[in-house]
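This report describes the strand order, helix packing and selected residues of one protein model. The sequence and structure are shown first, and the description follows.

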Amino acid sequence: PQQTNGDSGVPRLVVVSNRVAIPDPTGKGSAGGLAVALKEAFEAHRGLWFGWSGKVAAQPSTTPRIVDKGNVQYALMDLTPLDRQEYYNGFANRALWPIMHYRIGLSEFSRADYAGYLRVNRSFASALAGMIQPDDLIWVHDYHLIPLAAELRALGVTNRIGYFHHIPWPAPEVLGTLPGSQDLLRDITEYNLVGVQTDLDADNLRRGLVQEVGAIQRKGDLVELGEKQIRVKGFPIGIDVNSFQQAAKRSSTNRLVRQTVAGLGSRRLIIGIDRLDYSKGIPERMESFERFLIGNPDQRGQVTYLQVTPVSRSEVPEYATLSRVVNETLGRINGSLGEPGWVPIHYVNSTYPRPVLAGLNRLARVGLVTPMRDGMNLVAKEYVAAQDPEDPGMLVLSKFAGAAQQMTDALIVNPNDKIEVAEAIRDALYMGREERVARWERMMATITQCDIASWTASFLKDLSGGRSPGAGRILR
Ligand code: G6P
């Protein structure tokens, strides 16, 4: 049965994202970032979460499969193999993703993929439109679904629709190299509110709207195109600091964490945790670590670098290439610098539950978060949240992660300069306790202030027209 807004006066929240996270019935699973972000909002609002089921079927869904859980209804669409290829692997991950991460040379555009991207957005919109009620607040997530609002508007949906872009938004000169990018910018103007991670991203997007599609920049965040008014604003995403910190504390009893402690002996741990993605700078980071070992021979056998890297998007050729490059780099470094009793870099492709990752983070004396470009990078925030306040480890953070705008007490590096990163690793390892504590306290204060609950609340407040959506009925 379809949920109604009832008499509570609180509008229903409709979330649309490519991936949908249905809660694990055992309660043991590890909720992804967006699921954590939306938990409280769904509790206050009742909700509908619409998106791809993650499944591929011979026939595309025309109506979603509905799963009811508590006060949230999940509406899941299957994709055909061609949809998956053109929409997900193709346009979203092979053309848009690299461009959004400033990697023009890696972007592979194809008209067929772009048509598939538009086709899936259209079919999602037509399945969703019939489920929309007049007071619903609609919140669309990420680059897979940029044209969704335009498709919903074409079907007569007049609700307030917000979009949050989880990855970087590049300068118009970069985005402009992608065929179809002007249409994407026009599609953006069908949203009432567009959130990005940083002020730089917001600036880039507003500039793109002005330069490429003739929008007019009004005061502050406001951009106008004809009759349409769009707010484009930075909403830096956060984490659930408290729960990650608690998980890290409790994790000392976890089997895998205990094994890691035993395996380390007196060695100090350096950690990197990233999906296998070229935006994360994994081979570059391994080579920086190699530089560090070459420049600091006394540290050989004294440190272990653990890189935890679940495989990602392996059907996309550039990801398969990256996998080979990482394996070669790793093999070369371990072969040339390792010793019978010591492997410099431990590389694992497993996906660990969040409590295990929290525990591993807490063990690590240095956290390496050195993406070539990243929207925010929540791993950086998780590393800080997991530390022991009495003796915290130190974060080495790329200046090209959105997180660097907020966590200025990390050791900020340019990941393209391997010597600079190697020096930062050394500085992090040698930094005195007092300085580590002082820097950690300031970073903790920042990530606590900008946590996940405040991110969700501030976006929804702006989307609902400036009033706290929980506080009363929203006037459209
Ligand atoms: C990034 C994107 C998400 C995406 C995630 C994992 O964080 O912003 O939208 O879900 O990567 O990628 P995948 O392709 O596995 O969904």
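## The mixed sheet

Strand β5 (residues 137-141) and strand β6 (residues 161-164) run parallel and are joined by 4 bridges. Within this pair, Trp139 stands opposite Gly162 of β6. The model is a predicted one.

Both strands belong to an open sheet of 10 strands, ordered β3-β4-β2-β1-β5-β6-β7-β10-β9-β8, with mixed pairing. The edges are taken by β3 (65-69) and β8 (216-217); each has a single partner strand, so one side of each is left without a neighbour in the sheet. Helix α7 (residues 199-213) packs on this sheet, where it touches β7 (193-196), β8, β9 (222-225) and β10 (228-234). The direction of α7 makes about 150 degrees with that of β10.

Elsewhere in the order, strand β1 (residues 13-19) is joined to strand β2 (residues 47-56) by 6 bridges, and the two run parallel. Here Val16 stands opposite Phe50 in β2. On to the next pair: β2 and strand β4 (residues 72-79) also pair in the parallel sense, over 7 bridges. Leu48 of this pair stands opposite Gln73 in β4.

## The parallel sheet

A further open sheet consists of 6 strands in the order β13-β12-β11-β14-β15-β16, and its pairing is parallel. The edge strands are β13 (345-348) and β16 (411-413), each of which pairs on one side only. Neighbouring strands of this sheet are turned against each other by 20 degrees on average, direction ignored.

Strand β11 (residues 268-273) is mostly covered, with 5 of its 6 residues buried. Its pairing with strand β12 (residues 303-308) is parallel and extends over 6 bridges. Arg268 has Val303 as its bridge partner in β12. Between these two strands the chain passes through helix α10 (residues 282-295), and the resulting β-α-β crossover is right-handed.

β11 is also joined to strand β14 (residues 366-369), by 2 bridges, and these strands run parallel. In that pair, Ile270 stands opposite Val366 of β14. β12, for its part, pairs with β13 in the parallel sense over 4 bridges. The bridge partner of Gln307 in β13 is Tyr347.

Helix α14 (residues 418-430) lies across β11, β14, β15 (394-398) and β16. The angle between α14 and β16 is about 170 degrees.

The table below collects the strand pairs described above from both sheets.

| Strand pair | Sense | Bridges |
|---|---|---|
| β1 and β2 | parallel | 6 bridges |
| β2 and β4 | parallel | 7 bridges |
| β5 and β6 | parallel | 4 bridges |
| β11 and β12 | parallel | 6 bridges |
| β11 and β14 | parallel | 2 bridges |
| β12 and β13 | parallel | 4 bridges |

## A buried residue of helix α11

Val326 lies in helix α11 (residues 317-337). Val326 counts as buried because it has 20 C-beta neighbours inside 10 Å, and a residue with 20 or more such neighbours is classed as buried. Leaving aside residues up to four places away in sequence, Val326 touches Ile282 and Pro283. The C-alpha atoms of Val326 and Ile282 are 7.1 Å apart, although 44 residues separate the two in sequence. Ile282 falls within helix α10 (residues 282-295), the helix through which the chain crosses from β11 to β12.

## Residues with positive phi

Tyr102 is a residue other than glycine with a positive phi, near 65 degrees. It is placed in the loop between α2 (81-100) and α3 (111-129). Because 17 other C-beta atoms lie within 10 Å, Tyr102 is partly exposed.

Arg313 likewise has a positive phi without being glycine; the value is near 45 degrees. The residue sits in the loop between β12 and α11. With 18 C-beta neighbours inside 10 Å, Arg313 counts as partly exposed.

## The ligand surroundings

Which residues surround the ligand? They are Arg19, Asp142, His166, Ile167, Ser312 and Arg313. By class, this shell has 3 charged, 2 polar and 1 nonpolar residues. Arg313, one of the residues around the ligand, is the loop residue described above with phi near 45 degrees. Arg19, also in the shell, falls within strand β1 (residues 13-19) of the mixed sheet.

Definitions and conventions. Residues numbered from 1 in each chain as written. Predicted model: local features only at pLDDT ≥ 70, side-chain atom pairs only at ≥ 80, totals over all residues. Near = placed C-beta within 6 Å. Nonpolar A, V, L, I, M, F, W, Y, C, P; charged D, E, K, R; others polar. Buried ≥ 20, exposed ≤ 12 C-beta atoms within 10 Å, placed from the backbone. Contact = placed C-beta atoms within 7 Å. Pairing = 2+ DSSP bridges. Right-handed = clockwise from strand over helix to strand, strands pointing away. Axes fitted to C-alpha atoms, helices over the stretch in contact; angles between N-to-C directions.
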